[in-house]
Amino acid sequence: MNLQKSAAAFAEAKRFMPGGVNSPVRSYSSVDANPPFIARGKGSHIFDIDGNEYIDFVGSWGPLILGHAHEKVVAALKAAVEHGTSYGAPTELETKLAKLVNKIFPSMQVMRMVNSGTEATMSALRVARGFTRREKIVKFVGCYHGHSDSLLVNAGSGAATFGEPSSPGVTVGTARDTIALPYNDLSAVEKIFGQCGEEIAAVIVEPVAGNMGLVLPKENFLRGLRDVTKRFGALLIFDEVMCGFRVALGGAQEKFNVTPDLTCLGKIIGGGLPCAAYGGREDIMRNVSPDGRIYQAGTLSGNPLAMTAGIETLTILLDGDLTAKISARTSKLVDGLKLAAKSANVAIQTPQAGSMFGIFFSERPVTNFDEAAAANQTQFKKFFASMLERGIYLAPSQFETLFMSAAHTDEDISRTLDAAKLSFEVCK
Ligand code: KE4
């Protein structure tokens with residue numbers, strides 16, 4: 001595959017941006033390769049500046065559940081941009097999107113639009129701390145909630161302990177208020193609440209975890225979090241930035257019938273434009289400025305273009321059972337991957353949750369970060385490179401999730417499985 005123009009573009013980009021990228025995972029550093037520079041996308045395909053075409057299972061890391069450049073989203077944006085790009089004043093568009101979100105996520109009685117998942121989770125934590133007047137939070141090792149200081153904390157795998165910074169610049173003081181526990185380990189949660197439950201403001205969790213590869217919640221894990229937080233007066237925050245609208249239209253809270261106190265959304269809610277939201281119980285959210293004293297603000301929050309793309313996207317998702325159709329197509333691909341790996345005698349785990357799916361090179365199911373980290377990265381890198389060479393664009397990291405869209409076709413799936421059959425042979 002000719003990637004000469006991308007290589008030159010990458011060299012120039014590195015002069016001006018750390019790693020030549022505006023988000024680290026895009027640098028392909030974890031797969032020891034240079035990233036294709038993308039020129040355009042259409043439907044389930046993206047095209048790089050060297051003219052190579054790929055079937056895209058990254059979808060901008062989740063937002064593009066309808067595929068690239070959906071005609072209705074593009075048309076709505078073209079009309080909207082004629083009226084300007086931002087006013088810094090209330091518009092009816094924000095209420096329209098909020099009503100759609102409330103229809104899909106009824107637990108979000110009151111919400112605030114922000115510009116990224118990071119902002120959503122950072123703000124939700126501040127609200128939880130302000131509402132409960134407590135300072136500690138619980139998160140899970142391997143869950144990623146964006147890059148705010150309180151959440152860039154991991155305990156090192158396995159032990160239930162007070163957090164330690166997982167990035168320079170995060171202070172020890174900040175990390176000390178974050179307790180990181182093993183995902184799916186309800187006994188560890190019960191233990192920490194038994195020790196300091198009255199100090200814990202909230203538990204924040206990816207109810208379906210997509211940032212250590214795809215890891216599903218064990219039976220009763222989410223129900224257990226709901227019960228223990230209720231018992232100790234802590235809030236339960238579902239970070240559905242990635243799994244919202246995907247594991248079910250109404251996210252994990254619909255799929256598993258567990259209602260959090262606060263929910264964070266992102267990615268799909270903006271249809272590919274910068275948009276996210278946090279919200280939940282009215283009695284909590286009425287504490288957010290200007291109704292209450294908990295401050296949070298944003299110049300471009302509720303931006304009319306992002307609102308327009310979000311409204312179009314959610315309206316299309318609400319029309320019929322599109323979410324179920326995309327999930328069924330995902331199952332078809334996952335079943336094919338299982339068969340291809342089996343015939344190549346390669347051990348893989350292929351978890352699926354709605355239109356999210358993952359590939360671990362592991363003999364055993366993966367239920368937490370330690371088990372994800374134990375998967376065979378060498379095989380992953382070989383598989384990834386072979387698939388890219390064959391025009392299949394996967395996430396360049398074992399610790400990411402793959403996404404199906406409404407635009408993927410049976411032909412895409414067939415071509416992907418043909419490439420996988422050859423690629424499993426390469427990575428034996
Ligand atoms: P953003 O700030 O990147 O919009 O959202 C942060 C975030 C919050 N919560 C969850 C569950 C998330 O998955 C994310 C961001 N996801 C990553 C993908 N692993 C974004 C890709 C990237 O960092 O470039």
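Me: Why are helices H2 and H10 called roughly antiparallel to each other?

Reply: In this predicted model, the axes of H2 (residues 71-81) and H10 (residues 304-318) cross at roughly 150°. Angles over 145 degrees count as roughly antiparallel, and therefore H2 and H10 are described in that way. Their axes come within 9 Å, and the crossing is right-handed.

Me: What makes the meeting of H2 and H10 a contact, and which residues take part?

Reply: Contact requires heavy atoms within 4.5 Å. On the H2 side the residues are Lys72, Val73, Ala76, Leu77, Ala80 and Val81. They meet Leu305, Thr308, Ala309, Glu312, Thr313 and Ile316 of H10. By class, this contact holds eight nonpolar, two polar and two charged residues.

Me: What is found where helix H3 meets H10?

Reply: H3 contributes Leu93, Glu94, Lys96, Leu97, Leu100, Val101, Lys103 and Ile104. The residues of H10 that they meet are Pro304, Met307, Thr308, Gly310, Ile311, Leu314, Thr315 and Leu318. Ten of the residues in this contact are nonpolar, three are polar and three are charged. The axes of H3 (residues 92-104) and H10 come within 9 Å and cross at roughly 35°, and the crossing is left-handed.

Me: Why is H13 called oblique to H14?

Reply: The axes of H13 (residues 377-389) and H14 (residues 410-426) cross at roughly 140°. Roughly antiparallel would need an angle over 145 degrees, and roughly perpendicular covers 65 to 115. The angle of roughly 140° fits neither class, and so H13 is oblique to H14. The crossing of H13 and H14 is right-handed. Lys382, Phe383, Ser386 and Met387 of H13 make the contact with Thr416, Ala419, Ala420, Ser423, Phe424 and Val426 of H14. Six of these residues are nonpolar, three are polar and one is charged.

Me: How do you know that Tyr144 makes a polar contact with the ligand?

Reply: A polar contact is a pair of N or O atoms within 3.5 Å. A backbone N or O atom of Tyr144 lies 3.4 Å from a nitrogen atom of the ligand, and therefore the pair meets the cut-off. Asn211 places a polar side-chain atom 2.4 Å from a ligand nitrogen atom. For Lys267, an N or O atom in the side chain is 3.0 Å from a nitrogen atom of the ligand.

Me: Which of the 16 residues around the ligand come nearest?

Reply: These are Ser23, Thr118, Asn211, Asp239 and Glu400.

Me: What makes the peptide bond between Ser289 and Pro290 noteworthy?

Reply: The bond is cis, with omega at about 5°. Pro290 belongs to the loop between helix H9 (282-285) and H10.

Me: What makes the phi of Ala69 worth noting?

Reply: Phi of Ala69 is near 50°, which is a positive value in a residue other than glycine. Ala69 sits in the loop between strand E3 (53-56) and H2.

Key. Residues numbered from 1 in each chain as written. Predicted model: local features only at pLDDT ≥ 70, side-chain atom pairs only at ≥ 80, totals over all residues. Heavy atoms only, no water. Axes fitted to C-alpha atoms, helices over the stretch in contact; angles between N-to-C directions. Helix = DSSP H or I, 4+ residues; strand = E, 2+ residues; numbered from the N terminus. Parallel < 35°, antiparallel > 145°, perpendicular 65-115°, else oblique. Left-handed = near helix turned anticlockwise from the far one by under 90°. Nonpolar A, V, L, I, M, F, W, Y, C, P; charged D, E, K, R; others polar. Near = heavy atom within 4 Å. Polar contact = N/O pair within 3.5 Å; in protein donor to acceptor, adjacent residues only side chain to side chain.
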